[in-house]
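This report considers how selected parts of one protein chain are arranged. Please keep the sequence and the structure in view while reading.

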Amino acid sequence: ETVVSRTDSSLIQALGGVIAGEASIVASLASTGSGSVELSQNAKLSGSILLSEGSWKEIRIGEQLFTPEIWKKFEEASGVVLDQAGREKLLSLAGEIRDAKVSFESAAGRDEIGELSWAQGPLEFKAKGTCEAGALALDGDMFVEKGFSALLVAAPASRKALFDADGRWTFPIRLVGKATSPEISIDADKMLAMLKEKK
């Protein structure tokens, strides 16, 4: 059975109530077994939640991601000094998000998140992982759009060393904590390993 509906995303349990906006849900429920108990135990819900525009509730994502410690580790490892105005703009990122998508498969209290993606300011996020008993464990990447990447890093030689083939700067990210209060951070160990590899 497939269900398509539109609802206030703050009511969606899978998003932990931390995102506001009108979402579309496409979901299907399947199961196998002969009796009601077996059918219930084997039930599997899968689908996607789509949100074209919305906002984080009480989460200042810039402050979570771009801590002084992260910038210090980056600049020490790379030798690159970043544009101050660009850093401040990233730090100020708060609520508004766009083009959000969550693809999930849920069974026996465990959600497999095949894709979690959204855009925010000059940033694009993609991650995947699990949500089990309300606890998140997702890994992915954050991409800084080409124009803003060039603003942050002035020296052409540094850009060549840091950016991907599309001229974007990529950071590894982690999402942990509870679904109702996610902790989104740059994975410092992976970031430093990437810098070392590029050097």
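## A charged network

Is Lys126 buried, partly exposed or exposed, and what is its relative accessible area? In this predicted model, Lys126 has a relative accessible area of 43% and is therefore partly exposed. Its salt-bridge partner is Glu124, and the closest N and O atoms of the two lie 3.9 Å apart. Glu124 is also partly exposed, with a relative accessible area of 32%. Side chains of opposite charge can pair when their charged atoms come close. The structure holds ten salt bridges.

Glu124 takes part in a salt bridge with Arg168 as well, at 3.9 Å from N to O. This pair links distant parts of the chain: Glu124 belongs to strand S7 (residues 123–132), whereas Arg168 lies in the loop between H6 and S9, 44 residues apart. Arg168 is partly exposed, with a relative accessible area of 22%. A salt bridge also joins Arg168 to Asp164, with an N to O distance of 3.5 Å. Asp164 counts as partly exposed, at 27% relative accessibility. Through shared partners, the salt bridges join Glu124, Lys126, Asp164 and Arg168 into one network.

## The two sides of helix H3

Which residues of helix H3 are buried? In this helix, which spans residues 68–78, they are Ile70, Trp71, Phe74 and Ser78. These residues cover an arc of only 95° around the axis, so they lie on the same side of H3. On the other side of H3, Pro68, Glu69, Lys72 and Glu76 are exposed.

The buried residues of H3 are covered by several elements, including helix H2 (61–65), helix H4 (84–91), helix H6 (156–162) and helix H7 (188–198). Strands S9 and S10 are also among the elements that cover them. Just after H3, Gly79 takes a positive phi of about 75°.

## Strands S9 and S10

Strand S9 (residues 169–178) and strand S10 run antiparallel and are joined by six bridges. A hairpin connects S9 to S10 through two residues. Within this pairing, Arg174 has Ser185 in S10 as its bridge partner.

The side chains of S10, which covers residues 181–186, alternate between two faces. Pro182, Ile184 and Ile186 point to one face and are buried. Ser181, Glu183 and Ser185 point to the other face and are not buried.

## The nonpolar core

In soluble globular proteins, nonpolar side chains tend to be buried together. Here, the largest nonpolar core has 50 residues. Those with the most contacts inside this core are Trp56, Leu65, Trp118, Met142 and Trp169.

What does Trp118 touch, apart from its neighbours within four places in sequence? Its contacts include the nonpolar residues Trp56, Ile61, Ile97, Ala100, Leu123, Phe125, Leu175 and Ile184. Arg98, Asp99 and Glu124 are also among the residues in contact with Trp118. Two residues of this list have already appeared above: Glu124 as a member of the charged network, and Ile184 on the buried face of S10.

## Aromatic pairs

A pair of aromatic rings is described by the distance of the centres and the angle of the planes. The structure holds eight aromatic pairs. One of them is the edge-to-face pair of Trp56 and Trp118, with 5.5 Å from centre to centre and 80° between the planes. Trp56 lies in strand S4 (residues 44–56) and Trp118 in strand S6 (residues 110–120), so this pair ties together parts that are 62 residues apart in sequence. Trp56 counts as buried at 10% relative accessibility, and Trp118 counts as buried at 3%.

Trp71 and Phe171 form another edge-to-face pair, with 6.5 Å from centre to centre and 80° between the planes. This pair links helix H3, which holds Trp71, to strand S9, which holds Phe171, across 100 residues of the chain. Trp71 is buried, with a relative accessible area of 3%, and Phe171 is buried, with a relative accessible area of 2%. Ring pairs also link Trp71 and Phe171 into a cluster with Phe66, Phe74, Phe163 and Trp169. Two members of this cluster, Trp71 and Phe74, are among the buried residues of H3.

Methods
Residues are numbered from 1 along each chain as its sequence is written. This is a predicted model: local features need pLDDT of at least 70, side-chain atom pairs count only at pLDDT 80 or more; totals for chains, interfaces and linings use all residues. Side-chain values use heavy atoms; hydrogens and water are left out. Buried means under 20% relative accessible area, exposed over 50%, partly exposed in between (1.4 Å probe, protein chains only). Helices (H or I, at least four residues) and strands (E, at least two) are DSSP runs, numbered from the N terminus. Two strands pair if DSSP finds at least two bridges between them. The arc is that of the directions from the helix axis to the C-beta atoms. Contact means heavy atoms within 4.5 Å. A nonpolar core is a set of buried Ala, Val, Leu, Ile, Met, Phe, Trp, Tyr and Cys residues joined through side-chain atoms within 4.5 Å. A salt bridge is a side-chain nitrogen of Lys or Arg within 4 Å of a carboxyl oxygen of Asp or Glu. Rings of Phe, Tyr and Trp (its six-membered ring) pair if their centres lie within 6.5 Å; planes under 30 degrees apart count as stacked, over 60 as edge-to-face and the rest as tilted.
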